[in-house]
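Please prepare a formal report on the model shown below. It should cover the salt bridges, the strands, the aromatic pairs and the surface.

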Amino acid sequence: KPKWETSAQAGLTVTSGNSETVVFGGGIQTARKWEKSNVAAGADVAYGTDRGNKNTEVFRAYGQFNQNLTERLYIGLRLEGLHDGVADVNYRVTVSPLVGYYFIKRENFFLRAETGPSAVFERVAGIDDEYIVWRVAERLEWKINERAKLWQSV
């Protein structure tokens with residue numbers, strides 16, 4: 001049976017000198033693959049201060065489902081949410097139907113790109129807005145072994 005692959009991270013950054021900052025961050029990601037589809041989800045948070053004044057307050061979450069059409073071509077749906085207290089983004093929700101392609105697809109290594117229109121719903125500085133954007137994304141992932149993975153995404 002396919003199993004969930006989950007990872008979590010946490011961090012703390014402290015600086016002193018010209019600035020006195022403290023930033024806490026953390027996140028979790030999970031993914032599961034089946035023969036013809038896969039799902040991924042994750043969330044991360046960061047909160048920080050500089051000399052006691054808040055300078056970071058971000059929460060992000062996403063979920064994505066992909067359905068393979070061929071060995072390399074797939075379609076999917078991605079949902080993303082964002083809150084950024086410092087930038088006065090009360091919420092931003094993005095709904096993205098997509099088409100994607102694996103340029104490299106091996107057991108422990110892949111490179112893929114995906115694109116499609118996105119509907120954005122947001123409240124920024126107390127003003128509600130809705131608009132359409134075009135999303136382009138890329139992901140490279142190398143599963144080195146059962147306990148180590150290297151990834152990059154744009």
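Lys149 is partly exposed, with a relative accessible area of 34%; this class lies between buried (under 20%) and exposed (over 50%), as computed with a 1.4 Å probe and protein chains only. Glu5 is likewise partly exposed, at 34% relative accessibility. The side chains of Glu5 and Lys149 form a salt bridge with an N to O distance of 3.7 Å, the criterion being a side-chain nitrogen of Lys or Arg within 4 Å of a carboxyl oxygen of Asp or Glu. This contact links distant parts of the chain, since Glu5 belongs to strand E1 and Lys149 to strand E9, 144 residues apart. Strands, labelled E, are DSSP runs of at least two residues, numbered from the N terminus.

The model is predicted: local features require pLDDT of at least 70, side-chain atom pairs count only at pLDDT 80 or more, and totals for chains, interfaces and linings use all residues. Residues are numbered from 1 along each chain as its sequence is written, and side-chain values use heavy atoms, with hydrogens and water left out.

By the salt-bridge rule the count comes to 13. Glu5 and Lys149 also belong to a network of salt bridges that includes Arg139, Glu141, Lys143 and Glu146. Within this network, Glu146 is exposed, with a relative accessible area of 64%. A contrasting setting is found for Glu114 and Arg135, both of which are buried. Glu114 lies in strand E7 (residues 109–124) and Arg135 in strand E8 (residues 127–143), so their salt bridge ties together parts that are 21 residues apart in sequence. Three of the bridges are listed here.

| Salt bridge | N to O distance |
|---|---|
| Glu5 and Lys149 | 3.7 Å |
| Glu114 and Arg135 | 3.1 Å |
| Lys143 and Glu146 | 3.8 Å |

The strands form an open sheet of 9 members, in the order E1-E2-E3-E4-E5-E6-E7-E8-E9, with antiparallel pairing; two strands pair if DSSP finds at least two bridges between them. E1 and strand E9 (149–153) stand at the edges with a single partner strand each, so one side of each has no neighbour in the sheet. From one strand to the next the twist averages 15 degrees, where axes are lines fitted to C-alpha atoms and angles run from 0 to 180 degrees between N-to-C directions. Strand E4 (residues 53–68) and strand E5 (residues 73–84) run antiparallel and are joined by 11 bridges. Gln64 stands opposite Arg78 in E5.

There are 4 aromatic pairs in the structure. Rings of Phe, Tyr and Trp (its six-membered ring) pair if their centres lie within 6.5 Å, with planes under 30 degrees apart counted as stacked, over 60 as edge-to-face and the rest as tilted. Trp4 and Trp34 form an edge-to-face pair, 6.5 Å centre to centre with 85 degrees between the planes. Trp4 is in the segment before E1, whereas Trp34 is in the loop between strand E2 (21–33) and strand E3 (37–50), 30 residues apart. Trp4 is partly exposed at 45% relative accessibility, and Trp34 is partly exposed at 36%. The ring centres of Tyr101 and Phe103 are 5.2 Å apart and their planes stand at 70 degrees, so this pair is edge-to-face. Tyr101 is partly exposed at 37%, while Phe103 is exposed at 51%. Tyr74, Tyr102 and Phe110 form one aromatic cluster.

At the surface, Leu12, Val14, Phe24 and Tyr47 make a nonpolar patch of about 420 Å². Patches are made of residues with over 30% relative accessible area and no salt bridge, with like charges joined within 9 Å and nonpolar side chains (Val, Leu, Ile, Met, Phe, Trp, Tyr) within 5 Å; accessible areas come from the Shrake-Rupley method with a 1.4 Å probe, and for residues only the protein chains shown count as cover. Val14 is placed in strand E1 (residues 5–15) and is exposed, with a relative accessible area of 58%.

Notes:
Helices (H or I, at least four residues) and strands (E, at least two) are DSSP runs, numbered from the N terminus.
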